[in-house]
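Here is a walk through the side-chain chemistry of one model, from charged pairs to rings to the nonpolar interior. Have the structure open as you read.

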Amino acid sequence: MSTYDILVVGGAGIDTIVRVPDLQLPVADSVHVPPIRDYVAHTGNGVALGCHALGLRCKFIDFIGDDAQGAAILQRYKDAKLDFSHIVEPSGTRRSVNLVDPQGRRLSLYDGRHPEDVRMPAAFYLSYLGPARHAHFSIMGWVAELFDDALVCGTTVSTDLHDWDGLNPHHKVFALRADLVFLSTAALGERRDDVMRAIISQGRAQAVIAMAGAHGAYLLERGGASVRHTPTAGLTLPVVDTNGAGDSFVAAFLQAWLDGAGIDAAMRRGAIGGAFACAQNGTHERFIGLAELNDLYQDHTSL
């Protein structure tokens, strides 16, 4: 038996959430806003805590700084009882300032800060990668170095390309080497289906999932004839903050997929997880649990 259901690699940081009247800020010396909040966040954090909340045996590894932000991350994971191991990076902990408008839409100003040549020692990560059923790779440059070892270990890999435009070479290695590829449709426009087909034809992905927010999500399976659409979950919850919705979609999808529920069920559960996250303030402050996900799934499928 594997030690872990999922190993999440990379993607811990701090989000500073600033609620603004409009994402197009006026040219002014100052704009008065509601209280500004800091949250433990970023994509790996969201997938790891989301999977943990859904009962998966989750391990999370990353670089963080020996700073106040790193201390906040460690305390959050201690409180959540999330299994986290890290290496201290002298450049500090990654940060983002996220502007959020009254409709819950966001603009993220990302400070990745870690040097491009940073690398995680194999002696550190192999003891976690080998015993994992599945790994989720965040798209930091150093994480791409783990694909060869994942293949040797026989560990399947998923990744989230976020708002990839289908061209940026940084994302392409992740797109073509992962077994499951998630991405946002934000930068794709009419090229959405073409980019999804290119990922399948040029890479090893068994499925590509393109998340489109309020427009639902799209699925292309290897060998499938067409891109299929999954509507939003239609939860009767207010949209207050879209930060973290994609990560919650991914976590709910992976829980179902690893449980053998089938890809259509995984898509519907992902839609529920994403919608649930939009009703929560902050980036990753509350995650849907398995019982609640099951109840909402039953309601969703009975419609």
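## Salt bridges

Arg228 is partly exposed, at a relative accessible area of 34%. This is a predicted model, so keep that in mind throughout. The partner of Arg228 is Glu221: the two form a salt bridge with their closest N and O atoms 2.6 Å apart. Glu221 is partly exposed too, with a relative accessible area of 29%.

Across the whole structure, a search turns up 12 salt bridges. One of them joins the side chains of Asp83 and Lys59, at 2.7 Å from N to O. Asp83 sits in strand β5 and Lys59 in strand β4, so this pair ties together parts that are 24 residues apart in sequence. Are the two partners buried or exposed, or something in between? Asp83 is partly exposed, with a relative accessible area of 33%, whereas Lys59 is buried at 3%.

## A loop-to-loop bridge and a network

Glu145 and Arg119 make another salt bridge, and here the closest N and O atoms are 3.7 Å apart. Glu145 belongs to the loop between β8 (132–137) and α4 (147–153), and Arg119 to the loop between β7 (106–111) and α3, so the bridge ties together parts that are 26 residues apart in sequence. Glu145 is partly exposed, with a relative accessible area of 45%. Arg119 counts as partly exposed as well, at 42% relative accessibility.

Not every charged group stops at a pair: Asp5, Arg57 and Arg133 are linked in a network of salt bridges.

## Aromatic pairs

On to the rings, where the count comes to nine aromatic pairs. Take Phe60 and Phe84: their ring centres are 5.1 Å apart and their planes meet at 55°, so the pair is tilted. The cut-off matters here, because edge-to-face needs planes over 60 degrees apart and stacked needs them under 30. Phe60 lies in strand β4 (residues 58–64) and Phe84 in strand β5 (residues 83–88), so this pair also ties together parts that are 24 residues apart in sequence. Phe60 is buried, with a relative accessible area of 0%, and Phe84 is buried at 14%.

Phe124 and Tyr128 give an edge-to-face pair, with 5.8 Å from centre to centre and 75° between the planes. Both rings come from helix α3 (residues 122–129), and being four residues apart there, Phe124 and Tyr128 are separated by about one helical turn. Phe124 and Tyr128 are each buried. Add Tyr4, and you have one aromatic cluster of Tyr4, Phe124 and Tyr128.

## Charges over rings

Which arginine lies over the face of Tyr218? That would be Arg192, at 3.7 Å from the ring centre. A similar arrangement turns up at Tyr297, where Arg269 lies over the face of the ring, 4.4 Å from its centre.

## Backbone oddities

Most residues other than glycine have a negative phi. Lys81 goes the other way, with a positive phi of about 60° although it is not a glycine. You'll find Lys81 in the loop between α2 (68–80) and β5, and Lys81 is exposed, with a relative accessible area of 69%.

Arg113 is another one to look at: its phi is near 50°, a positive value in a residue other than glycine. Arg113 is in the loop between β7 and α3, and at 37% relative accessibility it counts as partly exposed.

## The nonpolar cores

Now for the inside. The largest nonpolar core has 45 residues, of which Tyr77, Phe182, Ile209, Phe249 and Phe253 touch the most other members. Helix α7 (residues 245–258) gives the most to this core, with eight residues.

Phe182 is a handy place to start looking around. Leaving aside neighbours within four places in sequence, Phe182 has contacts that include Ile209, Met211, Phe249, Val250, Phe253 and Leu254. Ser158, Thr159, Asp160, Leu161 and His162 are also among the contacts of Phe182.

There is a second, separate core of 42 residues, and its members include Tyr4, Ile139, Val157 and Ile199. Tyr4 may ring a bell: it also belongs to the aromatic cluster with Phe124 and Tyr128.

Technical notes: Residues are numbered from 1 along each chain as its sequence is written. This is a predicted model: local features need pLDDT of at least 70, side-chain atom pairs count only at pLDDT 80 or more; totals for chains, interfaces and linings use all residues. Side-chain values use heavy atoms; hydrogens and water are left out. Rings of Phe, Tyr and Trp (its six-membered ring) pair if their centres lie within 6.5 Å; planes under 30 degrees apart count as stacked, over 60 as edge-to-face and the rest as tilted. Helices (H or I, at least four residues) and strands (E, at least two) are DSSP runs, numbered from the N terminus. Buried means under 20% relative accessible area, exposed over 50%, partly exposed in between (1.4 Å probe, protein chains only). A charge sits over a ring if NZ of Lys or CZ of Arg is within 6 Å of the ring centre and within 35 degrees of the ring normal. A salt bridge is a side-chain nitrogen of Lys or Arg within 4 Å of a carboxyl oxygen of Asp or Glu. A nonpolar core is a set of buried Ala, Val, Leu, Ile, Met, Phe, Trp, Tyr and Cys residues joined through side-chain atoms within 4.5 Å. Contact means heavy atoms within 4.5 Å.
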